[in-house]
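Grab your viewer and work through these exercises with the sequence alongside. Each one sets a task, then walks through a solution.

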Amino acid sequence: ISKMSADTETEKRICDVLRLKGKSTALIIAKEIGLDKRIVNKHLYILQKSNQVFKTDEQPPVWDLLEKKKEIKHTLKPEQKPQTTRDTSEEEKHVEDLLRSGGLKAHQIATDLGQSRQTTNKQLYSMMEKGRVQKCSISNMWSLNEEWSEGSFSQERLFEMITELGDGGYGCVYKVKHKIDGKIYALKKVILTRKADSEVKALAQLEHPNIVRYITSWHGPNIWTSNQQRNQVSNRTYLFIQMEFCEGGTLTDWIQARNHMEKQRTTAEIHKIFSEIITGVEFIHANNLIHRDLKPDNILFGADGKVKIGDFGLVAAQTDQNGDPIERSKRKGTPPYMSPEQENKKNYDEKTDIFPLGLIWFEMLWKISTGMERVKLWSDLRNQRFPEGFSDKYSAESTFIMKMLSYSPEDRPHAKDIKGDLQTFFSLEHDVLSQRTI
Ligand code: ATP
Ligand code: MG
(Lines give C-alpha, C1' and ligand atoms only; values in the text may rest on other atoms or scores of the structure.)
(Ligands and ions follow the chains in the order given, each with its own letter.)
Protein backbone atom coordinates (compact mmCIF):
# COMPACT_ATOMS: atom_id res chain seq x y z
CA ILE A 1 0.00 0.00 0.00
CA SER A 2 2.82 2.39 0.84
CA LYS A 3 4.39 1.64 -2.55
CA MET A 4 1.08 2.36 -4.21
CA SER A 5 0.80 5.73 -2.54
CA ALA A 6 4.45 6.48 -3.31
CA ASP A 7 3.68 5.74 -6.96
CA THR A 8 0.68 8.04 -7.03
CA GLU A 9 2.80 10.60 -5.20
CA THR A 10 5.43 10.40 -7.99
CA GLU A 11 2.76 10.70 -10.65
CA LYS A 12 1.30 13.73 -8.94
CA ARG A 13 4.71 15.33 -8.84
CA ILE A 14 5.25 14.62 -12.53
CA CYS A 15 1.94 16.31 -13.33
CA ASP A 16 2.91 19.25 -11.14
CA VAL A 17 6.17 19.67 -13.03
CA LEU A 18 4.33 19.61 -16.34
CA ARG A 19 1.78 22.09 -15.05
CA LEU A 20 4.47 24.48 -13.84
CA LYS A 21 7.14 24.09 -16.47
CA GLY A 22 5.03 23.18 -19.47
CA LYS A 23 5.87 20.34 -21.79
CA SER A 24 9.10 18.54 -20.85
CA THR A 25 11.19 15.52 -21.62
CA ALA A 26 11.45 12.64 -19.16
CA LEU A 27 14.99 13.73 -18.38
CA ILE A 28 13.95 17.27 -17.40
CA ILE A 29 11.17 15.93 -15.20
CA ALA A 30 13.56 13.42 -13.65
CA LYS A 31 16.02 16.21 -12.74
CA GLU A 32 13.23 18.37 -11.39
CA ILE A 33 11.90 15.78 -8.97
CA GLY A 34 15.24 14.10 -8.28
CA LEU A 35 14.37 10.65 -9.58
CA ASP A 36 15.90 8.30 -12.09
CA LYS A 37 14.83 8.93 -15.70
CA ARG A 38 13.75 5.30 -16.05
CA ILE A 39 11.36 5.57 -13.14
CA VAL A 40 9.95 8.81 -14.50
CA ASN A 41 9.48 7.21 -17.88
CA LYS A 42 7.64 4.29 -16.35
CA HIS A 43 5.23 6.65 -14.58
CA LEU A 44 4.78 8.75 -17.68
CA TYR A 45 3.56 5.72 -19.54
CA ILE A 46 1.23 4.83 -16.70
CA LEU A 47 -0.09 8.39 -16.77
CA GLN A 48 -0.50 8.14 -20.49
CA LYS A 49 -2.56 5.00 -20.15
CA SER A 50 -4.87 6.72 -17.74
CA ASN A 51 -5.23 9.63 -20.12
CA GLN A 52 -3.49 12.19 -17.96
CA VAL A 53 -0.45 12.97 -20.08
CA PHE A 54 0.42 12.63 -23.75
CA LYS A 55 3.52 12.52 -25.83
CA THR A 56 4.00 15.19 -28.47
CA ASP A 57 5.44 14.38 -31.89
CA GLU A 58 8.84 15.77 -30.96
CA GLN A 59 11.99 13.70 -30.67
CA PRO A 60 13.17 12.77 -28.09
CA PRO A 61 9.68 12.34 -26.67
CA VAL A 62 8.31 15.45 -25.02
CA TRP A 63 5.45 15.05 -22.58
CA ASP A 64 2.61 17.32 -21.63
CA LEU A 65 -0.62 17.23 -19.68
CA LEU A 66 -3.54 15.94 -21.65
CA GLU A 67 -5.86 18.48 -20.00
CA LYS A 68 -3.92 21.18 -21.81
CA LYS A 69 -4.31 19.44 -25.12
CA LYS A 70 -8.03 19.17 -24.59
CA GLU A 71 -8.12 22.66 -23.05
CA ILE A 72 -10.28 21.36 -20.28
CA LYS A 73 -9.79 23.16 -17.02
CA HIS A 74 -11.08 20.56 -14.60
CA THR A 75 -8.92 18.78 -12.07
CA LEU A 76 -7.28 15.45 -12.68
CA LYS A 77 -8.99 12.23 -11.80
CA PRO A 78 -6.19 9.87 -10.83
CA GLU A 79 -8.62 7.03 -10.24
CA GLN A 80 -9.57 7.04 -13.90
CA LYS A 81 -9.39 3.55 -15.40
CA PRO A 82 -6.91 2.75 -18.15
CA GLN A 83 -8.45 2.49 -21.59
CA THR A 84 -9.69 -1.00 -22.25
CA THR A 85 -9.27 -0.98 -26.01
CA ARG A 86 -5.67 -0.15 -26.49
CA ASP A 87 -4.20 0.67 -29.82
CA THR A 88 -1.46 -1.90 -30.38
CA SER A 89 0.36 0.22 -32.91
CA GLU A 90 0.48 3.06 -30.36
CA GLU A 91 1.96 0.70 -27.80
CA GLU A 92 4.52 -0.55 -30.25
CA LYS A 93 5.47 3.04 -30.97
CA HIS A 94 6.31 3.45 -27.28
CA VAL A 95 8.62 0.47 -27.48
CA GLU A 96 10.17 1.97 -30.58
CA ASP A 97 10.69 5.31 -28.83
CA LEU A 98 12.45 3.62 -25.94
CA LEU A 99 14.72 1.67 -28.26
CA ARG A 100 15.66 4.75 -30.24
CA SER A 101 18.36 5.60 -27.73
CA GLY A 102 19.84 2.10 -27.84
CA GLY A 103 19.29 -1.58 -27.22
CA LEU A 104 17.43 -2.79 -24.14
CA LYS A 105 16.49 -6.11 -22.64
CA ALA A 106 12.83 -7.09 -22.53
CA HIS A 107 12.60 -6.71 -18.74
CA GLN A 108 14.05 -3.19 -18.94
CA ILE A 109 11.47 -2.24 -21.54
CA ALA A 110 8.74 -3.73 -19.38
CA THR A 111 9.89 -1.71 -16.36
CA ASP A 112 10.23 1.47 -18.37
CA LEU A 113 6.79 1.13 -19.83
CA GLY A 114 5.24 0.01 -16.55
CA GLN A 115 3.81 -3.14 -18.03
CA SER A 116 4.25 -6.88 -17.63
CA ARG A 117 7.08 -8.87 -19.19
CA GLN A 118 4.47 -10.93 -21.00
CA THR A 119 2.84 -7.92 -22.65
CA THR A 120 6.24 -6.53 -23.58
CA ASN A 121 7.36 -9.79 -25.14
CA LYS A 122 4.16 -10.01 -27.14
CA GLN A 123 4.77 -6.53 -28.52
CA LEU A 124 8.42 -7.26 -29.24
CA TYR A 125 7.76 -10.47 -31.14
CA SER A 126 4.95 -8.90 -33.09
CA MET A 127 7.30 -6.07 -34.01
CA MET A 128 10.00 -8.54 -34.91
CA GLU A 129 7.62 -10.27 -37.32
CA LYS A 130 7.07 -6.95 -39.01
CA GLY A 131 10.82 -6.44 -39.25
CA ARG A 132 10.82 -3.41 -36.97
CA VAL A 133 13.00 -4.76 -34.20
CA GLN A 134 15.58 -7.46 -33.86
CA LYS A 135 16.87 -9.49 -30.95
CA CYS A 136 20.49 -10.35 -30.36
CA SER A 137 20.59 -14.03 -29.48
CA ILE A 138 23.76 -13.62 -27.42
CA SER A 139 22.99 -10.54 -25.34
CA ASN A 140 19.18 -10.89 -25.48
CA MET A 141 19.10 -7.19 -26.26
CA TRP A 142 16.39 -5.81 -28.47
CA SER A 143 17.19 -3.07 -30.93
CA LEU A 144 15.53 -1.16 -33.73
CA ASN A 145 15.88 -2.42 -37.24
CA GLU A 146 17.47 0.55 -38.93
CA GLU A 147 15.88 -0.09 -42.31
CA TRP A 148 12.47 0.30 -40.77
CA SER A 149 12.91 3.96 -39.96
CA GLU A 150 12.55 4.82 -43.63
CA GLY A 151 9.34 2.87 -43.98
CA SER A 152 9.05 -0.86 -44.15
CA PHE A 153 12.04 -3.13 -44.41
CA SER A 154 12.12 -5.38 -47.40
CA GLN A 155 14.77 -7.40 -49.08
CA GLU A 156 14.37 -5.85 -52.54
CA ARG A 157 15.97 -2.72 -51.12
CA LEU A 158 19.23 -4.61 -51.15
CA PHE A 159 19.22 -4.49 -54.93
CA GLU A 160 20.05 -1.76 -57.34
CA MET A 161 18.01 -2.02 -60.52
CA ILE A 162 20.07 -1.94 -63.67
CA THR A 163 17.58 -2.67 -66.46
CA GLU A 164 14.22 -4.21 -67.07
CA LEU A 165 14.70 -7.53 -68.87
CA GLY A 166 11.13 -8.50 -69.52
CA ASP A 167 7.67 -7.27 -68.73
CA GLY A 168 4.90 -9.83 -68.82
CA GLY A 169 1.31 -9.86 -67.76
CA TYR A 170 2.13 -11.39 -64.43
CA GLY A 171 5.13 -9.32 -63.52
CA CYS A 172 8.54 -8.14 -64.48
CA VAL A 173 12.09 -9.39 -64.61
CA TYR A 174 14.90 -7.02 -63.74
CA LYS A 175 18.63 -7.16 -64.05
CA VAL A 176 19.82 -6.12 -60.61
CA LYS A 177 23.00 -5.70 -58.62
CA HIS A 178 23.13 -6.88 -55.04
CA LYS A 179 24.35 -3.98 -52.91
CA ILE A 180 26.25 -6.23 -50.51
CA ASP A 181 27.75 -9.06 -52.54
CA GLY A 182 28.12 -6.87 -55.66
CA LYS A 183 26.92 -9.63 -57.99
CA ILE A 184 24.45 -9.33 -60.85
CA TYR A 185 21.19 -11.30 -60.56
CA ALA A 186 17.86 -11.57 -62.29
CA LEU A 187 15.00 -10.56 -60.02
CA LYS A 188 11.51 -11.57 -61.06
CA LYS A 189 8.58 -9.73 -59.53
CA VAL A 190 5.17 -11.37 -59.87
CA ILE A 191 1.79 -10.48 -58.45
CA LEU A 192 1.24 -12.63 -55.41
CA THR A 193 -1.60 -14.99 -56.16
CA ARG A 194 -2.61 -18.20 -54.51
CA LYS A 195 -0.75 -20.19 -57.14
CA ALA A 196 2.32 -17.99 -57.46
CA ASP A 197 4.42 -20.09 -55.14
CA SER A 198 4.37 -23.12 -57.47
CA GLU A 199 6.95 -21.35 -59.65
CA VAL A 200 9.26 -20.87 -56.68
CA LYS A 201 8.74 -24.38 -55.35
CA ALA A 202 9.60 -25.87 -58.73
CA LEU A 203 12.69 -23.69 -59.17
CA ALA A 204 13.90 -24.46 -55.66
CA GLN A 205 13.51 -28.16 -56.29
CA LEU A 206 15.18 -28.19 -59.72
CA GLU A 207 18.87 -27.82 -59.11
CA HIS A 208 20.50 -28.65 -62.42
CA PRO A 209 23.14 -27.15 -64.78
CA ASN A 210 20.50 -26.70 -67.50
CA ILE A 211 17.91 -24.98 -65.33
CA VAL A 212 18.08 -21.37 -64.18
CA ARG A 213 19.64 -21.37 -60.74
CA TYR A 214 17.33 -20.23 -58.00
CA ILE A 215 18.74 -18.17 -55.14
CA THR A 216 15.83 -17.18 -52.90
CA SER A 217 12.38 -15.62 -52.79
CA TRP A 218 10.30 -13.36 -50.55
CA HIS A 219 7.15 -11.29 -50.38
CA GLY A 220 7.41 -7.53 -50.65
CA PRO A 221 5.86 -4.31 -51.87
CA ASN A 222 5.87 -3.15 -55.46
CA ILE A 223 9.02 -1.36 -56.59
CA TRP A 224 10.62 -0.10 -59.79
CA THR A 225 7.24 0.35 -61.40
CA SER A 226 7.21 1.84 -64.88
CA ASN A 227 4.87 4.76 -65.55
CA GLN A 228 2.56 2.53 -67.50
CA GLN A 229 2.27 0.02 -64.66
CA ARG A 230 1.92 2.70 -62.04
CA ASN A 231 -1.43 3.67 -63.46
CA GLN A 232 -2.84 0.20 -63.03
CA VAL A 233 -1.16 -1.24 -59.99
CA SER A 234 -2.07 -0.45 -56.41
CA ASN A 235 -0.02 -1.31 -53.38
CA ARG A 236 -0.49 -5.04 -53.46
CA THR A 237 2.03 -7.62 -52.35
CA TYR A 238 4.46 -9.14 -54.82
CA LEU A 239 6.52 -12.27 -54.91
CA PHE A 240 10.19 -11.67 -55.64
CA ILE A 241 12.31 -14.44 -57.09
CA GLN A 242 16.07 -13.99 -57.11
CA MET A 243 17.84 -16.08 -59.76
CA GLU A 244 21.16 -16.35 -61.50
CA PHE A 245 21.47 -13.79 -64.28
CA CYS A 246 21.73 -15.51 -67.65
CA GLU A 247 24.02 -13.16 -69.52
CA GLY A 248 23.88 -15.10 -72.77
CA GLY A 249 20.34 -13.93 -73.52
CA THR A 250 17.48 -16.06 -74.74
CA LEU A 251 17.16 -18.64 -77.48
CA THR A 252 14.90 -16.10 -79.22
CA ASP A 253 17.91 -13.79 -79.45
CA TRP A 254 20.01 -16.67 -80.76
CA ILE A 255 17.46 -17.56 -83.45
CA GLN A 256 16.88 -13.94 -84.50
CA ALA A 257 20.57 -13.27 -84.80
CA ARG A 258 20.71 -16.12 -87.31
CA ASN A 259 17.52 -15.23 -89.15
CA HIS A 260 18.18 -11.56 -89.64
CA MET A 261 21.87 -10.97 -89.22
CA GLU A 262 24.15 -13.18 -91.13
CA LYS A 263 25.25 -15.25 -88.17
CA GLN A 264 26.29 -18.80 -88.89
CA ARG A 265 24.33 -21.71 -87.57
CA THR A 266 26.28 -24.91 -87.32
CA THR A 267 24.70 -28.29 -86.79
CA ALA A 268 27.24 -29.05 -84.09
CA GLU A 269 26.18 -25.98 -82.11
CA ILE A 270 22.50 -26.71 -82.66
CA HIS A 271 22.91 -30.26 -81.41
CA LYS A 272 24.83 -29.09 -78.41
CA ILE A 273 22.11 -26.59 -77.51
CA PHE A 274 19.28 -28.97 -78.22
CA SER A 275 20.80 -31.79 -76.20
CA GLU A 276 21.16 -29.39 -73.27
CA ILE A 277 17.52 -28.36 -73.60
CA ILE A 278 16.43 -31.99 -73.65
CA THR A 279 18.66 -32.75 -70.67
CA GLY A 280 16.95 -29.98 -68.70
CA VAL A 281 13.49 -31.13 -69.75
CA GLU A 282 14.36 -34.73 -68.88
CA PHE A 283 15.29 -33.53 -65.40
CA ILE A 284 12.05 -31.56 -65.02
CA HIS A 285 10.05 -34.64 -66.01
CA ALA A 286 12.08 -36.90 -63.74
CA ASN A 287 10.97 -34.60 -60.91
CA ASN A 288 7.34 -35.21 -61.80
CA LEU A 289 6.80 -31.72 -63.14
CA ILE A 290 5.62 -30.33 -66.47
CA HIS A 291 6.98 -26.98 -67.65
CA ARG A 292 4.02 -26.17 -69.94
CA ASP A 293 5.52 -23.01 -71.45
CA LEU A 294 8.58 -24.15 -73.36
CA LYS A 295 9.50 -21.65 -76.06
CA PRO A 296 12.63 -19.78 -77.17
CA ASP A 297 11.79 -16.82 -74.85
CA ASN A 298 11.98 -19.09 -71.85
CA ILE A 299 15.23 -20.78 -72.78
CA LEU A 300 18.28 -18.82 -71.73
CA PHE A 301 22.04 -19.03 -71.88
CA GLY A 302 24.08 -18.76 -68.70
CA ALA A 303 27.43 -17.18 -68.08
CA ASP A 304 28.92 -20.64 -68.59
CA GLY A 305 27.42 -20.68 -72.11
CA LYS A 306 25.08 -23.50 -71.16
CA VAL A 307 21.36 -23.68 -71.74
CA LYS A 308 19.26 -22.65 -68.75
CA ILE A 309 15.55 -23.38 -68.88
CA GLY A 310 13.61 -20.61 -67.14
CA ASP A 311 10.13 -19.22 -66.52
CA PHE A 312 8.42 -21.84 -64.41
CA GLY A 313 5.38 -19.61 -64.14
CA LEU A 314 3.15 -22.30 -65.61
CA VAL A 315 4.78 -25.33 -64.06
CA ALA A 316 2.44 -28.08 -62.97
CA ALA A 317 2.69 -31.33 -61.16
CA GLN A 318 2.36 -34.45 -63.29
CA THR A 319 -0.73 -36.28 -62.21
CA ASP A 320 -2.35 -39.54 -63.07
CA GLN A 321 -5.33 -39.80 -65.41
CA ASN A 322 -7.75 -38.75 -62.69
CA GLY A 323 -5.76 -35.77 -61.57
CA ASP A 324 -6.27 -32.25 -62.73
CA PRO A 325 -2.88 -30.82 -63.56
CA ILE A 326 -4.11 -27.34 -64.35
CA GLU A 327 -2.72 -24.97 -61.81
CA ARG A 328 -3.26 -21.59 -63.39
CA SER A 329 -6.42 -21.89 -65.38
CA LYS A 330 -6.41 -18.28 -66.56
CA ARG A 331 -3.00 -18.53 -68.14
CA LYS A 332 -2.62 -21.37 -70.54
CA GLY A 333 0.67 -20.97 -72.30
CA THR A 334 1.84 -19.53 -75.58
CA PRO A 335 -0.47 -20.52 -78.46
CA PRO A 336 2.10 -20.89 -81.26
CA TYR A 337 4.11 -23.33 -79.13
CA MET A 338 1.28 -25.00 -77.25
CA SER A 339 0.58 -28.68 -77.82
CA PRO A 340 -2.84 -29.48 -79.36
CA GLU A 341 -4.07 -31.14 -76.16
CA GLN A 342 -2.94 -28.21 -74.02
CA GLU A 343 -5.06 -25.96 -76.23
CA ASN A 344 -8.11 -28.19 -76.17
CA LYS A 345 -8.16 -30.51 -73.22
CA LYS A 346 -8.07 -30.08 -69.52
CA ASN A 347 -5.85 -33.01 -68.73
CA TYR A 348 -2.49 -33.74 -70.19
CA ASP A 349 0.84 -35.21 -69.16
CA GLU A 350 4.53 -34.40 -69.56
CA LYS A 351 4.33 -35.18 -73.30
CA THR A 352 2.80 -31.73 -73.67
CA ASP A 353 6.36 -30.39 -73.29
CA ILE A 354 7.69 -32.53 -76.16
CA PHE A 355 5.56 -30.85 -78.82
CA PRO A 356 7.09 -27.35 -78.44
CA LEU A 357 10.55 -28.92 -78.37
CA GLY A 358 9.94 -30.21 -81.89
CA LEU A 359 9.03 -26.68 -83.00
CA ILE A 360 12.04 -25.20 -81.25
CA TRP A 361 14.44 -27.65 -82.84
CA PHE A 362 13.02 -26.87 -86.27
CA GLU A 363 13.35 -23.14 -85.64
CA MET A 364 16.97 -23.52 -84.70
CA LEU A 365 17.75 -25.38 -87.91
CA TRP A 366 15.66 -23.51 -90.49
CA LYS A 367 16.10 -19.91 -91.44
CA ILE A 368 12.82 -17.98 -91.43
CA SER A 369 13.39 -14.53 -92.89
CA THR A 370 10.05 -12.78 -92.65
CA GLY A 371 6.97 -12.74 -90.47
CA MET A 372 4.84 -13.69 -93.46
CA GLU A 373 6.99 -16.69 -94.16
CA ARG A 374 6.69 -17.70 -90.56
CA VAL A 375 2.90 -17.46 -90.49
CA LYS A 376 2.60 -19.59 -93.62
CA LEU A 377 5.07 -22.15 -92.43
CA TRP A 378 3.95 -22.46 -88.82
CA SER A 379 0.56 -24.09 -89.17
CA ASP A 380 2.02 -26.60 -91.64
CA LEU A 381 4.78 -27.35 -89.21
CA ARG A 382 2.33 -27.90 -86.34
CA ASN A 383 0.69 -30.47 -88.63
CA GLN A 384 3.97 -32.28 -89.30
CA ARG A 385 4.49 -30.77 -92.75
CA PHE A 386 7.96 -29.40 -93.40
CA PRO A 387 8.96 -26.81 -95.99
CA GLU A 388 10.55 -28.04 -99.16
CA GLY A 389 14.09 -29.18 -98.79
CA PHE A 390 14.02 -29.51 -95.02
CA SER A 391 13.76 -33.30 -94.86
CA ASP A 392 16.49 -33.71 -97.46
CA LYS A 393 18.86 -31.38 -95.72
CA TYR A 394 18.12 -32.63 -92.21
CA SER A 395 16.92 -36.17 -92.64
CA ALA A 396 17.76 -37.50 -89.19
CA GLU A 397 16.45 -34.37 -87.43
CA SER A 398 13.23 -34.34 -89.43
CA THR A 399 12.49 -37.91 -88.35
CA PHE A 400 12.88 -36.90 -84.70
CA ILE A 401 10.91 -33.68 -85.09
CA MET A 402 8.12 -35.50 -86.91
CA LYS A 403 7.67 -37.85 -83.93
CA MET A 404 7.84 -35.02 -81.45
CA LEU A 405 5.07 -33.18 -83.31
CA SER A 406 2.70 -36.16 -83.21
CA TYR A 407 -0.85 -35.09 -82.60
CA SER A 408 -1.38 -37.77 -79.97
CA PRO A 409 0.80 -37.32 -76.92
CA GLU A 410 1.37 -41.07 -76.62
CA ASP A 411 3.06 -41.11 -80.04
CA ARG A 412 5.63 -38.55 -78.93
CA PRO A 413 8.89 -39.82 -77.45
CA HIS A 414 9.88 -39.21 -73.82
CA ALA A 415 12.58 -36.64 -73.17
CA LYS A 416 14.94 -39.31 -71.91
CA ASP A 417 14.43 -41.40 -75.08
CA ILE A 418 15.10 -38.40 -77.34
CA LYS A 419 18.25 -37.77 -75.43
CA GLY A 420 19.38 -41.37 -75.73
CA ASP A 421 18.63 -41.45 -79.44
CA LEU A 422 20.38 -38.16 -80.05
CA GLN A 423 23.53 -39.64 -78.65
CA THR A 424 23.21 -42.72 -80.82
CA PHE A 425 22.34 -40.99 -84.07
CA PHE A 426 24.56 -37.99 -84.11
CA SER A 427 28.28 -38.01 -83.94
CA LEU A 428 28.64 -35.28 -81.40
CA GLU A 429 31.75 -34.26 -79.65
CA HIS A 430 32.40 -36.31 -76.57
CA ASP A 431 31.78 -33.53 -74.06
CA VAL A 432 28.35 -32.85 -75.49
CA LEU A 433 27.46 -36.53 -75.47
CA SER A 434 28.49 -37.02 -71.91
CA GLN A 435 26.24 -34.31 -70.49
CA ARG A 436 24.13 -36.66 -68.52
CA THR A 437 21.81 -35.81 -65.72
CA ILE A 438 23.61 -35.94 -62.44
P1 ATP B 1 5.46 -15.31 -66.80
O2 ATP B 1 5.55 -16.07 -68.12
O3 ATP B 1 5.64 -16.13 -65.59
O4 ATP B 1 4.29 -14.36 -66.74
P5 ATP B 1 7.47 -13.76 -67.95
O6 ATP B 1 7.38 -14.52 -69.21
O7 ATP B 1 7.23 -12.31 -67.95
O8 ATP B 1 6.66 -14.35 -66.81
P9 ATP B 1 10.11 -14.82 -67.67
O10 ATP B 1 9.91 -15.59 -68.91
O11 ATP B 1 10.59 -15.54 -66.47
O12 ATP B 1 8.85 -14.00 -67.23
O13 ATP B 1 11.10 -13.64 -67.98
C14 ATP B 1 10.81 -12.69 -68.97
C15 ATP B 1 12.06 -12.36 -69.74
O16 ATP B 1 13.05 -11.84 -68.87
C17 ATP B 1 12.69 -13.59 -70.39
O18 ATP B 1 12.11 -13.87 -71.63
C19 ATP B 1 14.13 -13.14 -70.49
O20 ATP B 1 14.31 -12.30 -71.60
C21 ATP B 1 14.32 -12.34 -69.21
N22 ATP B 1 14.82 -13.18 -68.11
C23 ATP B 1 14.10 -13.95 -67.28
N24 ATP B 1 14.87 -14.59 -66.40
C25 ATP B 1 16.13 -14.23 -66.67
C26 ATP B 1 17.41 -14.57 -66.11
N27 ATP B 1 17.52 -15.43 -65.09
N28 ATP B 1 18.51 -14.02 -66.65
C29 ATP B 1 18.40 -13.17 -67.70
N30 ATP B 1 17.25 -12.83 -68.28
C31 ATP B 1 16.12 -13.34 -67.78
MG1 MG C 1 8.38 -16.06 -70.18
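**Exercise 1. The largest pocket**

How much space lies in the largest pocket? Work out its lining as well.

Step 1. Keep in mind that this is a predicted model. In it, the largest pocket holds about 710 Å³ of space.

Step 2. Go round the wall: 34 residues line this pocket, and those nearest its centre are Gly166, Val173, Lys188, Asn298 and Asp311.

Step 3. Map the lining onto secondary structure. Two or more residues each come from strand S7 (159–167), strand S8 (171–178), strand S9 (184–191), helix H8 (197–205) and strand S11 (237–244).

Step 4. Sort the lining by class. You get 13 nonpolar, 11 polar and 10 charged residues.

**Exercise 2. The magnesium site**

Find the protein donors of the magnesium ion (ligand 2) and place them in the chain.

Step 1. Look for the donor atoms. They belong to Asn298 (OD1) and Asp311 (OD), at 2.1 to 2.3 Å from the ion.

Step 2. Locate the two residues. Asn298 sits in the loop between strand S12 (289–290) and strand S13 (299–301), while Asp311 sits in the loop between strand S14 (307–309) and strand S15 (316–317), so the pair ties together parts 13 residues apart in sequence.

Step 3. Check accessibility, taking under 20% as buried. Asn298 counts as buried because its relative accessibility is 6%. Asp311, at 23%, counts as partly exposed.

Step 4. Link back to Exercise 1: Asn298 and Asp311 are both among the residues nearest the centre of the largest pocket.

**Exercise 3. Unusual backbone angles**

What is the sign of phi at Asn288 and at Asp311, positive or negative?

Step 1. Start from the background. Most residues other than glycine have a negative phi.

Step 2. Read off Asn288. Its phi is near 60°, a positive value in a non-glycine residue.

Step 3. Read off Asp311. Here phi is near 50°, again positive in a residue other than glycine.

Step 4. Add the setting. Asn288 is found in the loop between helix H11 (267–286) and S12, and at 48% relative accessibility it counts as partly exposed. Asp311 is in the loop between S14 and S15, and Asp311 is also the magnesium donor from Exercise 2.

**Exercise 4. Closed spaces**

How many cavities of 30 Å³ or more does the structure hold? Describe what lines them.

Step 1. Recall the idea: rolling a probe the size of a water molecule over the atoms shows where empty space is left.

Step 2. Count. There are 2 cavities of 30 Å³ or more.

Step 3. Take the largest cavity, with about 60 Å³ of space. Its lining is Tyr45, Gln48, Lys49, Glu91, His94, Leu113 and Gln115. Helix H3 (37–49) and helix H5 (88–99) each give at least two of the lining residues, with H3 supplying the largest share, 3 residues. By class, this lining has 2 nonpolar, 3 polar and 2 charged residues.

Step 4. Move to the second largest cavity, at about 50 Å³. Its lining includes Arg292, Asp293, Tyr337, Met338 and Pro356, and by class it has 4 nonpolar, 4 polar and 3 charged residues.

**Exercise 5. A glycine after the opening helix**

Which residues does Gly22 contact, leaving aside its neighbours within four places in sequence?

Step 1. Place the residue. Gly22 lies in the loop between helix H1 (2–21) and strand S1 (24–25).

Step 2. Check exposure. With a relative accessible area of 15%, Gly22 is buried.

Step 3. List the contacts: Val17, Asp64 and Lys68.

Step 4. Try a C-alpha distance too. Gly22 and Trp63 are 8.7 Å apart in space and 41 residues apart in sequence.

**Exercise 6. The whole chain, and where to be careful**

Summarise the fold, then flag stretches with pLDDT under 50.

Step 1. Tally the secondary structure: 18 helices and 15 strands.

Step 2. Get the burial figure. Of the 438 residues, 46% are buried.

Step 3. Look at contact range. Of the contacts between residues at least 6 apart in sequence, 60% join residues at least 24 apart.

Step 4. Turn to confidence. The mean pLDDT is 85, and 85% of the residues reach 70 or more. Residues 72–85 stay under 50, and the model gives them 14 contacts beyond four places in sequence. Residues 147–152 are also below 50, with 10 contacts beyond near neighbours in sequence.

How values were computed:
Residues are numbered from 1 along each chain as its sequence is written. Chains are lettered from A and ligands numbered from 1 in the order in which they are written. This is a predicted model: local features need pLDDT of at least 70, side-chain atom pairs count only at pLDDT 80 or more; totals for chains, interfaces and linings use all residues. Side-chain values use heavy atoms; hydrogens and water are left out. Donors are N, O and S atoms within 2.8 Å of the metal (3.2 Å for Na, K and Ca); water is not among the atoms, so sites may look incomplete. Helices (H or I, at least four residues) and strands (E, at least two) are DSSP runs, numbered from the N terminus. Buried means under 20% relative accessible area, exposed over 50%, partly exposed in between (1.4 Å probe, protein chains only). Contact means heavy atoms within 4.5 Å. On a 1 Å grid over the protein atoms alone, a cavity is a set of points where a 1.4 Å probe fits but cannot get out, and a pocket is an open set with protein on both sides within 12 Å along at least five of seven lines; lining residues have an atom within 4 Å of a point. Grid points are joined across faces, edges and corners, and a volume is the space filled by probe spheres set on the points. Ala, Val, Leu, Ile, Met, Phe, Trp, Tyr, Cys and Pro count as nonpolar, Asp, Glu, Lys and Arg as charged, and the others, Gly among them, as polar. pLDDT is the predictor's confidence in each residue, from 0 to 100.
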